[in-house]
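Q: Could we go through this structure together? I should like to understand how its parts are arranged.

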Amino acid sequence: MAMKTSEDRFNQRVTKELDNQFMRGAVSSAQERFQTRRLQQAEELGHWEEWRSHGEEIRKHVLENLDYYLYQLSENVSKRGGHVFFAQTAQEATDYIQGIAKKKEAAKIVKSKSMVTEEINLNAALEELGCEVIETDLGEYILQVADHEPPSHIVVPALHKNKEQIRDVFKEKQGYKQSEKPEELALYVREKLRNEYLTADIGITGCNFAIAESGSITLVTNEGNADLVTALPKTQITVMGMERIVPSFEEMEVLVSLLTRSAVGQKLTSYITTLTGIKDEGDSDGPEEFHLVIVDNGRSNILGGEFQPILQCIRCAACVNACPVYRHVGGHTYGSIYSGPVGVVLSPLLGGYDDFKELPYASTLCGACTDACPVKIPLHQLIHRHRQVIVENEGKAPVSEKLLMKAFGLGASSPSLYKIATKMASPAMSPFTKDNTISKGPGPLKAWTEARDFPAPNKDSFRDWMKQRTKGGKS
Amino acid sequence: MTGTIQNRETFLANIAKQLGRSPKAELPRPTWQYQPQDGVLKDATKDELVEVLVKQCKNIHTDIVMTNTAKLPQDLQAVIDNYGGQSVITWQDKRFQDYGLSALMTTQWQQANIEHYEWNPQQPEENIRQAEKANIGITISEITLAESGTAVLFSSQERGRSVSFLPEKSIILIPKSTIVPRMTQAARWISEKVRNGENIASCINFITGPSNSADIEMILIVGVHGPIKATYIVIEDQ
């Protein structure tokens, strides 16, 4: 699946998702649980603001010195027998990985969860060669069996599906005969995938944090699937976004502590694994061959510019879990594998404004995302900045906003017109007004009032009120 | 054997260009303004750390047994019985003898009809086959993190990764002397090894309880791809 997950227009996606009652219930209860657990963990840890500041300073330092750390990483991976391939584009990355699959005559490939492989559309490239590609994260596996449905949450990809729907997917596609109990569904997947790990030719992972000083990669999971993906097949390929790197184990530890608390409210997830190079001599498990593919795919264009802070992201989805817009529209509305506030900022940068120009408007700019971010990315400011760029440089403001601004500009530029307009506002809107609010506005107001009420214009304008006040001394 | 590196120069030159400078060849270790991690459980004694560990085990669905070397064989056996016995895979590790487990692992298990397989570097394929069919895997923690309830395993040719992942149940022996406040201390210890030029284990596992998932309706399921059940046995060793 590439970054773009839908051909529907943004408004069509919004309308469709707002009608999905199960999804909306699931998302709001998930948000509450995630938020509560995150806040509990932050409180229990103590000095959370200091932790966030430390996370921020580490991420900033790494971005400022990214070339140095990537050099060090590649040297150290190579010393431990791993191959490193720097890929400027998605195409270069998938070509290289296709090359390995061909050389290994790979029939079966197991994968653990990775956003960057989704971004570069790796599965399709491998399936093109005739390889069977199996996602092993439970949520990702469910979506894969369900005809490659797109993920709706960065951490819980199948959040939009209920257990009955999941049971039916397995029943229809694989003849599953048991109940919809989550334990039974998980046990079924455990047994089904066990044999796949043992017989796969290649294991593919993402990378939470690469460690420059030791040439290691760090994988964070609860299910243990990444460990089986890397312990059993003879060849391991790890794909990382080029910014996912830290200087040493000491900084990895800090970011992992922030990640697991912010993502799932755990002190640590069940499995944090650091893998260094190929297996050691005499080891029975672990890969004989290891390839690290470091992907740019548009990230370097962000570097050095005003959107650079988004590269601090550690993909915890705390911003997604805090976002009131995500709560109502769910992940699929964003039309990108990256949803929620991080997706709003990142998708137009990596995928272009043409496909994602509406996303910066899928925000109330309330700043809840910025507060939740464990590495202090000023998310709502970046979202606001996107809007400015869209209006100023791209000329792509949504039509209703353009009309509204044009009318306001015309009216506001002439004192007499402004006066008439403010006087007229109240009577002009009166047919739409009930109890001092407008809930079905005309023209440019329609998009606003579809989602919420608009206060009716006051009968007196501020200027009139002021005049009265200065005249009478008191109001 | 060193691996190949492709396309590095142009890739890094482009990054440096974006950052508005020439590529950096040297950089001292950064100094940080904030260091909140040092304050966590700073003054806790070993016994207080054990208390933290015991409490945390409740959150991570892990049983914990406190014992000493004298009582270890019988306490370990009790856990194995509770897990249904049958078959056990262990690392090839001298520490099992040091903890006085030789008699248990050889004669006693044989008598009780418990199959024991010891990891053998000479038989790589058989190792995986045995780990896959074993009911219980036993490993030993190198450094143990009280705050999160985490055991840390280092792989080697005698200590296969699969022993802690493939069997349905996992037992991890935790020498009390290995308990530290949190991941900070483990990370520093490993960093020191790296800076001393040591080759760190190709696989370091920070394991916190059995595998789990909340991918279906956010309902917690304990036991997914890795072990379904886990027990820590803390051994008083000082």
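The conversation below discusses a predicted model.

Q: Where does the record place the LUD domain in chain A?
A: The UniProt annotation, from an unreviewed entry, places "domain: LUD" at residues 71-295 of chain A. That span is 43% helix and 21% strand, and its end C-alpha atoms lie 14 Å apart.

Q: And which residues does it cover in chain B?
A: In chain B the UniProt annotation "domain: LUD", also from an unreviewed entry, covers residues 51-235. Over those residues the chain is 31% helix and 28% strand, with the end C-alpha atoms 14 Å apart.

Q: On to the sheets. What is the strand order in the open sheet of 7 strands?
A: The order is β3(A)-β2(A)-β4(A)-β7(A)-β10(A)-β1(A)-β1(B), and the pairing is parallel.

Q: Which strands are at its edges?
A: The edge strands are β3 (132-135) of chain A and β1 (5-6) of chain B, each of which pairs on one side only.

Q: How many bridges link β7(A) and β10(A)?
A: These two strands pair in the parallel sense over 7 bridges. As one example, Met240(A) has Ile294(A) in β10(A) as its bridge partner.

Q: What holds paired strands together in general?
A: Strands of a sheet pair through backbone hydrogen bonds, in either a parallel or an antiparallel sense.

Q: What about the sheet with 8 strands?
A: That open sheet has mixed pairing and runs in the order β8(A)-β5(A)-β6(A)-β9(A)-β10(B)-β7(B)-β6(B)-β9(B). At its edges stand β8 (245-246) of chain A and β9 (179-180) of chain B; each has a single partner strand, so one side of each is left without a neighbour in the sheet.

Q: How do β9 of chain A and β10(B) run, parallel or antiparallel?
A: Strand β9 (residues 271-276) of chain A and β10(B) run antiparallel, joined by 5 bridges. Thr274(A), for instance, has Ile204(B) in β10(B) as its bridge partner.

Q: And β6 and β7 of chain B?
A: Strand β6 (residues 143-145) and strand β7 (residues 150-154) of chain B are antiparallel too, with 3 bridges between them. Within this pair, Ile143(B) is matched with its bridge partner Val152(B) in β7(B).

Q: How many residues are in contact between the chains?
A: On the chain B side there are 72 residues, in contact with 83 residues of chain A. Among the elements of chain B that give two or more residues to that side are β1, α1 (8-18) and α7 (183-195). By class, the chain B side has 33 nonpolar, 31 polar and 8 charged residues.

Q: Let us change topic to helix α5 of chain A. Why does its length agree with what a helix should span?
A: At 1.5 Å a residue, the 14 residues of this helix (residues 90-103) should span 20 Å, and the end C-alpha atoms are indeed 20 Å apart.

Q: Which of its residues are buried?
A: Several residues of α5(A) are buried, including Ala90(A), Glu92(A), Tyr96(A) and Ile97(A). The elements covering the buried residues include β1 (83-87), α7 (122-128) and β10 (289-295) of chain A.

Q: What comes just after that helix?
A: Just after α5(A), Glu105(A) takes a positive phi of about 45 degrees.

Q: Last one: is Phe10(A) buried or exposed?
A: Phe10(A), which lies in helix α1 (residues 10-18) of chain A, is buried, because 20 other C-beta atoms lie within 10 Å. Phe10(A) touches Gly335(A) and Glu358(A), leaving aside residues up to four places away in sequence. Phe10(A) and Phe356(A) are 346 residues apart in sequence and 8.6 Å apart in space, C-alpha to C-alpha.

Conventions
Residues are numbered from 1 along each chain as its sequence is written. Chains are lettered from A and ligands numbered from 1 in the order in which they are written. This is a predicted model: local features need pLDDT of at least 70, side-chain atom pairs count only at pLDDT 80 or more; totals for chains, interfaces and linings use all residues. Helices (H or I, at least four residues) and strands (E, at least two) are DSSP runs, numbered from the N terminus. The expected span of a helix is 1.5 Å times one less than its number of residues. A residue is buried if 20 or more other C-beta atoms lie within 10 Å of its own, exposed if 12 or fewer, and partly exposed in between; C-beta atoms are placed from the backbone. Two residues are in contact if their C-beta atoms, placed from the backbone, lie within 7 Å. Two strands pair if DSSP finds at least two bridges between them. UniProt positions are given in the numbering used here, feature names are shortened, and annotations may be inferred rather than shown by experiment. Ala, Val, Leu, Ile, Met, Phe, Trp, Tyr, Cys and Pro count as nonpolar, Asp, Glu, Lys and Arg as charged, and the others, Gly among them, as polar.
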